[in-house]
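Visitor: Could you walk me through this one? I'd like to go from the overall picture down to a few single residues.

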Amino acid sequence: MKIVSVKGMRDLLPADTAWFQRLEQAAREVFAAYNFDEIRTPIVEPTELFTRSVGEDTDIVGKEMYTFADRDGASLTLRPEATASVARAYVEHRLWDRPGLSKLYYMGPMFRRERPQKGRYRQFYQIGAEVLGGNAPVIDFELLAMLRLLLERCGIQDAELVLNSVGCADDRPAYHAALREALGARLPEMCADCQRRAQTNPLRVLDCKVPADQPIIATLPTLESFLDDKCREHFAQLRQLLDANGIAYRVDPRLVRGLDYYTSTAFEFQHGALGAQNALLGGGRYDGLTQALGAPAQAGGGIGFALGADRFVLAMQASGVVPSTGPVAVLVPLTDAELTLVLHLAEKLRREHIRVELAEPGRKLSRSLELASKLQARYAVIVGPDEAAASAVQLKDLNGGAQERVSGEALLDRLRQGVA
Ligand code: HAM
């Protein structure tokens with residue numbers, strides 16, 4: 001039987017990777033401008049890292065993790081997300097001892113055993129960033145401003161910032177009590193997950209996707225009126241900064257995000273073109289996470305986001321962005337005799353970062369030109385005996401069809417001008 005890839009895990013072929021590379025490059029540039037550095041953590045972590053940080057009652061930990069026993073019996077898990085790993089690394093390497101905030105970004109595959117559909121995969125790709133070591137509202141603001149710039153650089157239009165404050169450890173008990181009370185008599189009608197979560201972690205009842213439970217969930221109280229003064233003030237200051245800097249957002253008091261480590265600020269950027277999986281990215285503050293993983297109080301708070309690269313690419317395509325793929329030029333030696341000159345030119349262009357492809361020497365010119373247009377090259381650079389004798393080329397513009405003789409010396413500049 002033919003072997004195919006695992007359900008929900010797909011190959012990204014060159015037509016896909018061109019989009020991913022474009023996104024990754026934009027992200028690296030934007031992150032650098034905001035003074036973030038890269039961190040690479042392992043793909044496999046001790047299972048306990050996720051149960052302790054993402055939380056036992058979440059869908060991710062309860063239903064979606066790829067967990068297995070190592071040969072020595074240790075329980076390991078393919079990372080379903082990377083915030084827990086970055087927080088672990090921050091604690092393990094005492095990064096708070098370094099000057100300033102720790103501003104770290106990452107890119108890579110994550111694994112969740114969800115039901116695959118458009119924009120949702122079991123191996124998917126995230127690009128994320130975390131700021132550890134501080135809790136001022138201006139840090140939250142800068143992260144959101146950075147995301148606005150990244151969306152702009154990716155040509156994504158119409159993404160909506162949705163914002164909420166999910167409170168903190170101090171105000172959670174009162175909110176939990178209110179949820180339990182509101183659920184009260186209706187609870188026996190609800191799904192088994194809701195019934196369990198009402199006891200263990202009532203906030204997670206709000207993550208329920210069972211259609212029959214939604215009318216009950218819609219009646220539950222929101223966090224707003226339970227926020228303590230600190231969270232309320234933090235949220236007000238963040239909103240002021242966003243307003244003063246022209247960053248539009250919508251407050252959704254029901255946005256709680258499906259991970260337990262969040263405190264205070266929580267946000268998503270949503271996009272209409274994505275259908276049911278409309279979250280382009282999500283994030284929030286997680287003050288207390290590094291302390292839960294063993295850091296002292298001075299390690300400070302944290303905030304971050306992760307974008308679904310797969311979904312970003314869909315949104316870029318929906319916004320009419322075109323990735324730059326294919327060679328700038330295909331070099332065509334008409335016979336073997338011109339090969340030396342053509343190889344020399346190709347080397348020179350490649351050293352200058354011009355992407356070029358070589359046609360097989362001796363092929364019929366019409367076939368080489370056909371290949372060049374199929375590869376979506378802008379130019380064909382044709383070298384026959386006359387050109388070789390004069391160290392020149394025929395430069396054919398494959399968009400307009402014009403052809404002219406250009407000296408080998410001038411070729412680099414002409415190609416640069418043509419694609420500028
Ligand atoms: P999350 O909301 O679970 O947050 O995931 C972030 C983004 O990853 C989602 O908005 C979505 O675009 C993408 N994503 C999630 N699951 C899938 C999937 N199965 N297929 C395709 N894309 C998916 C986190 O992971 C947090 N670690 C974000 C964060 C960073 N919070 C603070 N720092």
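Here is a chat about the predicted model shown above.

Visitor: How many helices and strands does the protein chain have?

Guide: Keep in mind that we're looking at a predicted model. Along its principal axes, the C-alpha trace spans about 90 × 55 × 45 Å. Into that go the secondary structure elements of the protein chain: 15 helices and 16 strands.

Visitor: What percentage of the residues in the protein chain is buried?
Guide: Let's start from the outside: the accessible surface is about 20300 Å², and carbon and sulfur atoms hold 51% of that. As for burial, a residue has to come in under 20% relative accessible area to count. Of the 420 residues in the chain, the buried share is 51%.

Visitor: How far apart are the centres of the positive and negative side chains?
Guide: There are 50 positive side chains and 54 negative ones. Take the centre of each set, and the separation comes to 4 Å.

Visitor: Which strands stand at the edges of the open five-stranded sheet?
Guide: The order in this sheet is E13-E12-E14-E15-E16, and the pairing is mixed. An edge strand has a single partner strand, so one of its sides is left without a neighbour in the sheet. That description fits E13 (356-358) and E16 (403-407).

Visitor: What is the average twist in that sheet, from one strand to the next?
Guide: Going from one strand to the next, the twist averages 25°.

Visitor: Which helices pack on it?
Guide: One helix, residues 339-351, touches E12, E13, E14 and E15, and its direction makes about 160° with that of E13. Another, residues 408-419, touches E12, E14, E15 and E16, at about 125° to the direction of E16. In order, those are H12 and H15.

Visitor: Which residue in E16 is the bridge partner of Lys 396?
Guide: Strand E15 covers residues 392-397, and it pairs with E16 in the antiparallel sense over five bridges. For Lys 396, the partner in E16 is Gln 403.

Visitor: Is strand E10 largely enclosed or largely open?
Guide: E10 covers residues 279-285. It pairs in the antiparallel sense with E9 over five bridges, and likewise with E11 over five bridges. Seven of its seven residues are buried, so E10 is largely enclosed.

Visitor: Which residues stand opposite Phe 269 and Arg 285?
Guide: Phe 269 looks across to a residue in E10, while Arg 285 looks across to one in E11. The two names are Leu 281 for Phe 269 and Ile 303 for Arg 285.

Visitor: Is Gln 126 buried or exposed?
Guide: Gln 126 lies in strand E6, residues 123-132. Leaving out residues up to four places away in sequence, it touches a list that includes Glu 81, Tyr 106, Arg 112 and Leu 307. Its relative accessibility is 10%, and the cut-off is under 20%, so Gln 126 counts as buried.

Visitor: And how does Gln 157 count, buried or partly exposed?
Guide: Gln 157 sits in the loop between helix H5 (137-153) and strand E7 (159-165). Not counting residues up to four places away in sequence, it touches His 271 and Ser 319. At 47% relative accessibility, Gln 157 counts as partly exposed.

Visitor: What separates the C-alpha atoms of Gln 157 and Phe 31?
Guide: Along the chain, these two are 126 residues apart. Between their C-alpha atoms, the separation is 20 Å.

Terms used. Residues are numbered from 1 along each chain as its sequence is written. This is a predicted model: local features need pLDDT of at least 70, side-chain atom pairs count only at pLDDT 80 or more; totals for chains, interfaces and linings use all residues. Side-chain values use heavy atoms; hydrogens and water are left out. Helices (H or I, at least four residues) and strands (E, at least two) are DSSP runs, numbered from the N terminus. Buried means under 20% relative accessible area, exposed over 50%, partly exposed in between (1.4 Å probe, protein chains only). Accessible areas come from the Shrake-Rupley method with a 1.4 Å probe; for residues, only the protein chains shown count as cover. Lys and Arg count as positive and Asp and Glu as negative; His and the chain ends are not counted. The place of a charge is taken as NZ of Lys, CZ of Arg, CG of Asp or CD of Glu. Two strands pair if DSSP finds at least two bridges between them. Axes are lines fitted to C-alpha atoms, for helices over the stretch in contact, and angles run from 0 to 180 degrees between N-to-C directions. Contact means heavy atoms within 4.5 Å.
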